Amino acid sequence: MSDLASAIGIRAEEQSLVAELQAGSEQAFALLIAQYSHPIYSLIARSLRDPADAADVTQEVFVKVFRSISGFHGEASLRTWIYRIALHEASNQRRWWGRHKRQELTIDAPLENEEGETFCLADALATGDASPYECVARSETRTHVEAALRTIPEPFREVVVLREIEGFGYEEIAEILNVNLGTVKSRLTRGRAALREALLKDAATRPQGQQAHPSRNRDAAKVGHPEVGTL
C-alpha cells in the first residue's frame, strides 16, 4: 500500500510540474534542468563518438523539451519522454559526426581557458576522496569501459546504458525506445555479451606495461559491477 501511495504521489507531483512547465514557468524549467541535466548528460556522453559534444547536445535536449512541452499529454512519464528526446538528439549527433568526421578530443587533450592558462579535462575531474593510485586506477577502468561501450552497435549500447547505468526497468526501456519487451531483453543480453567481449579483448591487446591486474580485468568485464555502474 505504501508503494502505491508513493507512486500516486510521484505521479501527482509530475503532473503539477508539467502544468507549470506548460504555463511557461521559468522556476519549473530550472527545477527540471536541475533534476535531469546530470543523468541526461551522462547518457549522451556514453552515446556519442566524441564525449566532448555531450554538453552541447544536452543543451539542445532541454531546448527541445522547452519547445515541445506544450505537446506533452502524459502518454508516457515525463522522465521517459525526456530520455526519448535525449536518445534522438544523440542519434542525430552521431549521424552528423559520421558525415563530417570531426577530430576527436580526448580527456587528456590540453585546453585553454579565458585567461590563457592551459589545463586538461582529466585534471578537472580529479577527486579528493581517493589516493593518487586509486584515482589513476579508477580513471583507467572508466576510460576502458567507456571505449568498449562505443564499440557496441547502437541498439545494444542504448539498452545496456539505460539498464545497467541509468537503472531503468525493462518496461521503461521498451517505452523509451518504442520496442517490445522481448526486444529489450534480447538486446540487453547481446549488449552485455558484446561489452564483456570488448573489455576482455581490450585487456588482452593492451601493452604489457599497461595490463591491469587479471582479477580487475575480469571484474570490469562483468556488467553490473560497480566499476561499470558508476561511470
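This passage describes the fold, surface and salt bridges of a predicted model.

The chain has eleven helices and two strands. Their order along the sequence is α-α-α-α-β-β-α-α-α-α-α-α-α. Four helices thus precede the two strands, and the remaining helices follow them. The chain comprises 231 residues, of which 36% are buried. About 13,700 Å² of the chain is exposed. Carbon and sulfur atoms supply 53% of that area. Among contacts with a separation of 6 or more, 59% involve residues 24 or more positions apart.

Side chains of opposite charge can pair when their charged atoms come close. In this model the count comes to seven salt bridges. Three of these pairs are described in turn, each with its helices and the accessibility of its partners.

One salt bridge joins Glu146 and Arg46, with the closest N and O atoms 3.7 Å apart. The pair links distant parts of the chain. Glu146 belongs to helix H6 (residues 132-149), and Arg46 to helix H2 (residues 26-47). The partners are 100 residues apart. Glu146 has a relative accessibility of 14% and therefore counts as buried. The cut-off for this class is under 20%. Arg46 has a relative accessibility of 3%, so Arg46 counts as buried too.

A second salt bridge forms between the side chains of Glu89 and Lys64, at 2.6 Å from N to O. Glu89 lies in helix H4 (residues 78-100) and Lys64 in helix H3 (residues 54-68), so the bridge ties together parts that are 25 residues apart in sequence. Glu89 is at 8% relative accessibility and therefore counts as buried. Lys64 is at 26%, so this residue counts as partly exposed.

A third salt bridge brings together the side chains of Arg192 and Glu164, at 2.5 Å from N to O. Because Arg192 sits in helix H9 (residues 181-205) and Glu164 in helix H7 (residues 154-165), the pair ties together parts that are 28 residues apart in sequence. Arg192 counts as partly exposed because its relative accessibility is 26%. Glu164, at 16% relative accessibility, counts as buried.

Salt bridges also share partners in this chain. They join Arg46, Glu146, Arg150 and Glu166 into one network. The Glu146 and Arg46 pair, with its 3.7 Å closest approach of N and O atoms, contributes two members of that network.

Terms used
Residues are numbered from 1 along each chain as its sequence is written. This is a predicted model: local features need pLDDT of at least 70, side-chain atom pairs count only at pLDDT 80 or more; totals for chains, interfaces and linings use all residues. Side-chain values use heavy atoms; hydrogens and water are left out. Buried means under 20% relative accessible area, exposed over 50%, partly exposed in between (1.4 Å probe, protein chains only). Contact means heavy atoms within 4.5 Å. Accessible areas come from the Shrake-Rupley method with a 1.4 Å probe; for residues, only the protein chains shown count as cover. A salt bridge is a side-chain nitrogen of Lys or Arg within 4 Å of a carboxyl oxygen of Asp or Glu.
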